[in-house]
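Student: Please take me through one pocket of this model in close detail. Then work outward to the elements around the rest of the fold.

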Amino acid sequence: MKVVVLGAGVIGVTHAYYLAKAGHEVTVIDRQAAAAMETSHANAGQISPGYSAPWAAPGIPVKAMKWLTQKHAPLKLHPQMDITMWKWMVQMLANCSEAAYAVNKERMMRLAEYSRDCFIDLRAELGIRYNDRQQGTLQMFRTEQQVAASKKDIEVLERCNVPYEVLDMDACIAKEPALARVRNKFVGGLRLPGDETGDCFEFTQKLATLTEGLGVKYLFNTDIKALQQRDGRISAVQTSQGAIEADAFVVAMGSYSPFLLADVGVKVPVYPVKGYSLTVPITNADAAPVSTVMDETYKVAITRFEDRIRVAGTAELSGYNLELREPRRETIAMVVSDVFPDGGDVSQAEFWTGLRPMTPDGTPIVGKTGIANLFINTGHGTLGWTMSCGSGKLLADIISQTKTDIDPTGLDVTRYPQ
């Protein structure tokens, strides 16, 4: 079967790999000059199935109101004259109940845990390295209130059979020795030993090269304009290089997916949630993190690569604006300087922003649409890197009409009214 994948971020490239492995003829199209040049370029570096939870959670509406007045808040809102944004926010608030949170978190963890297993298999098969480490992640709590609140997430971890460790400060320092310098700022942590880290950009670029060896064709510097329909199916995608025909089409264009899909009558409630990162050169390896440390107060992740620290966080609702806002830089710089004050030179950090495609319920959209040969793989939010291999393998199996390794129920677009 000839399959066209629209988008060459980590989602599109991993999906192309599994499609090629299944024997399909694959073409990947992207407007950029290479793979992973947008949202996949400088993310937090976490492969964290254990932290796969919806932003729409009980208590978030109250917290969000408080965050609006805080300088270093995890969420910032820049109101737009955009009915889509306000509609998305209403849908998100509707998912902040206990019942909705439980359903959405189970769906997300089902896919994320499967994806982590796919990463393990992929590394074994290809021998690919990408500054990867398999040393878990550590969520750090500054208050006893945060420790108490974590019990609800621990209940979900237990139901999903995800291993975890509740640690006091001595145990946290044993895992992350540099925290000894700031032991008085935290009261304990929650460690997920099965989580991993790695450079998403390096992974995606290397995998793209490997997939070319499997016959995958990449069309870069190519604008995707429209899907063409004939007889109830997609017949071609219109691009700046002309119309490209195929048997099946996969939309993996992140935050830009809704525009293309709307033209063929498929509605997806995906909206960009802007995130920021700093990449900090390490100046003292002993004072830097070993793996990933998540500061629960500021929702900022601090991840160790070989000679760099990647610091990422904050969520900003500001439409499709890619402006690098200095206050966001100040927040994430403050956090890394506070937690690992001697680890790296923040003054030499590279500042980056990207648009994370988020659904109002947090769960990505992976699967079929009402059009027989049109498929979707988008809406992963902050967890695109975490869920990339799993969603790519799952959708490749669906397209190949083979038995899937996990239950796909609740993951496709049919959970939303059309």
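Tutor: First, a working term. A pocket here is an open set of grid points where a 1.4 Å probe fits, with protein on both sides within 12 Å along at least five of seven lines. Its lining residues have an atom within 4 Å of a point. Keep in mind that the model is predicted.

Now the pocket itself. The second largest pocket has a volume of about 440 Å³. It is lined by 18 residues, and those closest to its centre are Thr84, Lys87, Lys267, Val268 and Pro269. What is the split of the lining by residue class? The lining of the second largest pocket holds 12 nonpolar residues, 3 polar and 3 charged. Two helices, α3 (83-94) and α8 (257-262), each supply at least two residues of that lining. Helix α3 gives the most, with 4 residues.

Stay with α3 for a moment, and turn to aromatic contacts. The whole structure contains 12 aromatic pairs. In one of them, the ring centres of tryptophan 88 and tyrosine 271 are 6.2 Å apart, and the planes meet at 35°, so the pair counts as tilted. Tryptophan 88 lies in helix α3, whereas tyrosine 271 lies in strand β14 (residues 271-281), so the pair ties together parts that are 183 residues apart in sequence.

Next, the sheets. One open sheet has 3 strands in the order β10-β11-β12, with antiparallel pairing. β10 (224-230) and β12 are its edge strands; each has a single partner, so one side of each lacks a neighbour in the sheet. Neighbouring strands of this sheet are turned by 30° against each other on average, direction ignored.

Take its two pairings in turn. β10 and β11 pair over 6 bridges, in the antiparallel sense. There, alanine 226 has glutamine 238 in β11 as its bridge partner. Strand β11 (residues 233-239) also pairs with strand β12 (residues 242-245), again antiparallel, over 4 bridges. Valine 237 faces isoleucine 244 of β12 across that pairing. The connection from β11 to β12 is a hairpin through 2 residues.

A second open sheet has 6 strands and mixed pairing. Its order is β9-β2-β1-β13-β20-β19. Which strands stand at the edges? They are β9 (217-219) and β19 (365-368); each has a single partner strand, so one side of each is left without a neighbour in the sheet. In this sheet, neighbouring strands are turned by 20° against each other on average, direction ignored.

Look at one pairing inside it. Strand β13 (residues 248-251) and strand β20 (residues 374-378) run parallel and are joined by 3 bridges. Phenylalanine 249 has leucine 374 in β20 as its bridge partner.

A helix covers part of this sheet. Helix α10 (residues 384-400) lies across β1 (2-6), β13, β19 and β20. It runs at about 170° to β20.

To return to the starting point: α3 is the link between the pocket and the aromatic pair. The helix gives 4 residues to the pocket lining, and tryptophan 88 of α3 is paired with tyrosine 271 of β14.

Notes. Residues numbered from 1 in each chain as written. Predicted model: local features only at pLDDT ≥ 70, side-chain atom pairs only at ≥ 80, totals over all residues. Heavy atoms only, no water. 1 Å grid on protein atoms, 1.4 Å probe; cavity = no way out; pocket = protein on both sides within 12 Å on 5 of 7 lines; lining within 4 Å. Points joined across faces, edges and corners; volume = space filled by probe spheres on them. Nonpolar A, V, L, I, M, F, W, Y, C, P; charged D, E, K, R; others polar. Pairing = 2+ DSSP bridges. Axes fitted to C-alpha atoms, helices over the stretch in contact; angles between N-to-C directions. Contact = heavy atoms within 4.5 Å. Phe/Tyr/Trp six-rings, centres within 6.5 Å; stacked < 30°, edge-to-face > 60°.
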